[in-house]
Amino acid sequence: MTVKESPEAVAQVLRHALVGDDLPDAFTLLGREWSLHRGVFPSTLSAATEVLASIVPYPEGGSFLEVGCGTGVIAVTAALEGCASVTALDINEKAVANTVANAERHGVSDRVRVLHSDMYAALDPMDRFDTIFWNVPWTYVEDDFALSTDLHTAVFDPGYQGQARYMAGAREHLAAGGRLLLGTADLGDRERLDALAEEAGLRVELLHRVRRIEEVRVMEYHMLELHPK
């Protein structure tokens, strides 16, 4: 089931993340302490990061790529869960710095490479990964919606253009037998996502569905895997 979310309500949350003077410089998640930099979407505003970090099938001993790393919780957790190498990408330079700080905080800097990147742009053409994952900005808005701050890219994907680019470009960076994963929620436009996957020659499989009671409503988080058709 798809549930519509008001862009105005989301924008209000973003304004607080940018200018709220009550935000801490650290938070606890998954039993660990994490640094939080101002201008990075806080990983505790919803249960998405916690839920998805707990159900990602990390390739133990393999290579893991996260698109849109934010505070770095999932990228760092991948290294702590046994991935031999992790690459984390984000279009927000503040998120890049935040992920670097958390990799250092948890002693995995030697296994976590963090790059400032618009989707896959900063990768070497030869880079290949056993698993590619993105906790996508699932709030659907029309193509002409203005992304007025860095934080807007964390929750808005106009016309799902970013998700289309994610699916189309992944094949160039997946290792043989690699897995392409996408984390989303019932607030997303699943019909649009399925149509984009079809255009990219992919089939969508629901791996996990997790329901969580949050402040305003019951949220349902989805871990999807995209397979070649």
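In the predicted model, Asn102 is placed in helix H4, which spans residues 93-105. With a relative accessibility of 0%, Asn102 counts as buried, since the cut-off for that class is under 20% relative accessible area. When residues up to four places away in sequence are set aside, Asn102 is in contact with Trp34, Ser35, Thr71 and Val76. The helix that carries Asn102, H4, lies across strands E4 and E5, and its direction makes an angle of about 170° with that of E5.

Strands E4 and E5 belong to an open sheet of 7 strands, whose order is E5-E4-E3-E6-E7-E9-E8 and whose pairing is mixed. The edges of this sheet are formed by E5 and E8, each of which pairs on one side only. On average, and with direction ignored, neighbouring strands of the sheet are turned by 20° against each other. In general, the strands of a sheet pair through backbone hydrogen bonds, in either a parallel or an antiparallel manner. For E4 (residues 85-90) and E5, the arrangement is parallel, and 5 bridges join the two strands. Within this part of the sheet, Thr87 stands opposite Arg113 of E5.

A second helix, H6, contributes a set of buried residues, namely Gly162, Gln163, Tyr166, Met167, Gly169 and Ala170. The buried residues of H6 pack against several strands, including E3 (63-67), E6 and E7 (174-185), and also against helix H7. The list of packing partners further includes strands E8 (202-213) and E9 (218-228). Of these partners, E3, E6, E7, E8 and E9 also appear in the strand order of the open sheet.

Attention then turns to the charged side chains. In general, side chains of opposite charge can pair when their charged atoms come close. With the criterion of a side-chain nitrogen of Lys or Arg within 4 Å of a carboxyl oxygen of Asp or Glu, the count comes to 9 salt bridges. One of them involves Asp118 and Arg165, for which the N to O distance is 3.1 Å. Because Asp118 lies in the loop between strand E5 (112-116) and strand E6 (129-135), whereas Arg165 is part of helix H6 (residues 161-170), the pair ties together parts that are 47 residues apart in sequence. Both side chains fall in the intermediate accessibility class: Asp118 is partly exposed at 37% relative accessibility, and Arg165 is partly exposed with a relative accessible area of 40%.

The salt bridge between Arg190 and Asp194 has its closest N and O atoms 2.7 Å apart. Here the two residues both lie in helix H7 (residues 190-199), with a separation of 4 residues, or about one turn of the helix. Arg190 is partly exposed, at a relative accessible area of 28%, and Asp194 is likewise partly exposed, at 32%.

A further salt bridge is found between the side chains of Asp110 and Arg111, with an N to O distance of 3.9 Å. In this pair, Asp110 is exposed, having a relative accessible area of 67%, while Arg111 is partly exposed, having one of 28%. Finally, salt bridges link Arg209, Arg211 and Glu220 into a network.

Notes: Residues are numbered from 1 along each chain as its sequence is written. This is a predicted model: local features need pLDDT of at least 70, side-chain atom pairs count only at pLDDT 80 or more; totals for chains, interfaces and linings use all residues. Side-chain values use heavy atoms; hydrogens and water are left out. Buried means under 20% relative accessible area, exposed over 50%, partly exposed in between (1.4 Å probe, protein chains only). Contact means heavy atoms within 4.5 Å. Two strands pair if DSSP finds at least two bridges between them. Axes are lines fitted to C-alpha atoms, for helices over the stretch in contact, and angles run from 0 to 180 degrees between N-to-C directions.
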